[in-house]
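Visitor: I would like to learn how to read the contacts in a model such as this one. Could we take them feature by feature?

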Amino acid sequence: MARRILEELKQLVLLRSLQARIFLIILVVGVVPGVLMRYGILSNYEERSVENRIANVQNQLLVVGNHLISNNYFNPDVMEERNPGVSRDVIDAELEMISNLYEGRVLIINSGLKVMEDTYGLSEGKTIVSEEVIKCLRGESVSHYDREHGYIEMTTPIIDTSATSGEGGSASGKIVGVMLTSISNDAIVATMEVLNRQALILENLMLVGIVALAIVLSTLLTKPFNRVTKAIHEVKAGYTDEKISVKGYAETVHIVDAFNQLLGRMKTLDDSRQEFVANVSHELKTPMTSVKVLADSLLAQQDAPAELYREFMEDIVSEIDRENRIITDLLALVKMDKKVQDLNIAQININDLAELILKRLRPIARKKDVEVVFESMRPVTAEVDEVKLTLVMTNLVENAIKYNKDHGWVKVVLDADHQYFTFMVSDSGLGIPEDALANIYERFYRVDKSHSREIGGTGLGLAITKSAVLAHRGSITATSTEGEGSVFTVKIPLAYDRRT
Ligand code: ADP
């Protein structure tokens, strides 16, 4: 049982191979028509041969029938009187000839169903009750080919054309008897066997040719695919800048193109991962270096005054705070990168959420004397992850305050149509240079590194924001004029699409 299952599995795996399929298709297309043709020709030959044989025998029997009538066979007294002995011998000889020629048996039966003559000499004088004979006496002659037992049986009416009335009479004469003949089909079978043998030899020769053709073609046709696999195996060890190039079919070229694109993407991902790790190490190292420098300089001084200690300790604490902020942001980013399914979607009142966030941020704005205005065009509720959307709104408004001038303003506008809500944050701040605008969502990217550091930026805020917006299948765009201010617009669907 287990072996059978294993064998079936093997067969399946084999059938999954393109080469095996091409081989089988060529084999089937090459062999099946030949076999069908052989069967068709042979059975057609058999049919026609049987028909011919029946027609020939019937013709000869008709002649014999006519002789029988003309010699008054069914009227023995008259027959003897006219042609004593001779007629009967002639008829016997004719029947004998037919019987020998066609390897068969002829019975002459009169209208009383009595066997008058049997070339085998077995049934003479007996009465025969057979459906075919009765039918024939009524004028319906039949022939029947029994392939299984190898004979053809037929009935031939003996018509007395001089008599036109009485039972069994017809327009052209009266049926006075029936010849029941069965002949062998040995000759047909023998010819068919010869034909079949020749066809089989031809077929086998063709099969050898087709198998060879199938092997060659299936190997040749699948070669480009094997070359692609080989080329992919070669680059599997590590992704290099080199693209693979394999000439072949349009299909293999498409596969190679797709693979090269994938390779490019993997390379980009690998590069960005390496860059990210380098950036993280650098960003985390900077506060640590400052802490070490501060601590070292304190240790180096023998009798440092308490105020100096205090001052240095405050600096150390602020560096540790910074380190903490970076780590918190990094954790947020890593969480954001996880699967979209991690979103905790709920129906949220966006107006209330925006109000709450602005309330939290107003104290920071007040410190810089920045005016924060909230304009809600309509009440908005949407299916969102509250924590992640809070991050989005907080980051954008916080940036608008952080990168603002003193006495500037920040305007937050919430609007919605039937499909999306938009959250727009404009400020009267420093603005972002045009060439930097495309990079602001990159991790650790800061337009002005020292300024951003001064105001406590980690360069991760907008990266987190963008991830959170994309997780909601939304979009974020930014326009800015240097020295005048920036506008960040977030567009998020009101209903979260839970499909993949
Ligand atoms: P950071 O933590 O440094 O603020 P972000 O990822 O939030 O990092 O922002 C990236 C950079 O984009 C900032 O360093 C800043 O230079 C620029 N930026 C972001 N928002 C604004 C804004 N509203 N006005 C001017 N510059 C901005």
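Visitor: How many salt bridges does a search of the whole structure find?

Guide: Side chains of opposite charge can pair when their charged atoms come close. The term salt bridge here means a side-chain nitrogen of Lys or Arg within 4 Å of a carboxyl oxygen of Asp or Glu, and a search of the whole structure finds 13 of them. This is a predicted model, in which local features need pLDDT of at least 70 and side-chain atom pairs count only at pLDDT 80 or more, whereas totals for chains, interfaces and linings use all residues. Residues are numbered from 1 along each chain as its sequence is written, and side-chain values use heavy atoms, with hydrogens and water left out.

Visitor: Which residue forms a salt bridge with K135?

Guide: The partner of K135 is E131, with the closest N and O atoms 3.6 Å apart. Both residues belong to helix α5 (residues 131-137), where they are four residues apart, about one turn of the helix; helices are DSSP runs of H or I with at least four residues, strands are runs of E with at least two, and both are numbered from the N terminus.

Visitor: Which polar contacts does the ligand have?

Guide: A polar contact is a pair of N or O atoms within 3.5 Å. A polar side-chain atom of Y403 lies 2.7 Å from an oxygen atom of the ligand, while a polar side-chain atom of D427 is 2.9 Å from a ligand nitrogen atom. G459 instead uses a backbone N or O atom, 2.9 Å from an oxygen atom of the ligand.

Visitor: Which element gives the largest share of the shell around the ligand?

Guide: That element is α10, with three residues.

Note on methods: A polar contact is a pair of N or O atoms within 3.5 Å; within protein, one must be able to donate a hydrogen and the other to accept it, and residues adjacent in sequence count only if both atoms are side-chain atoms.
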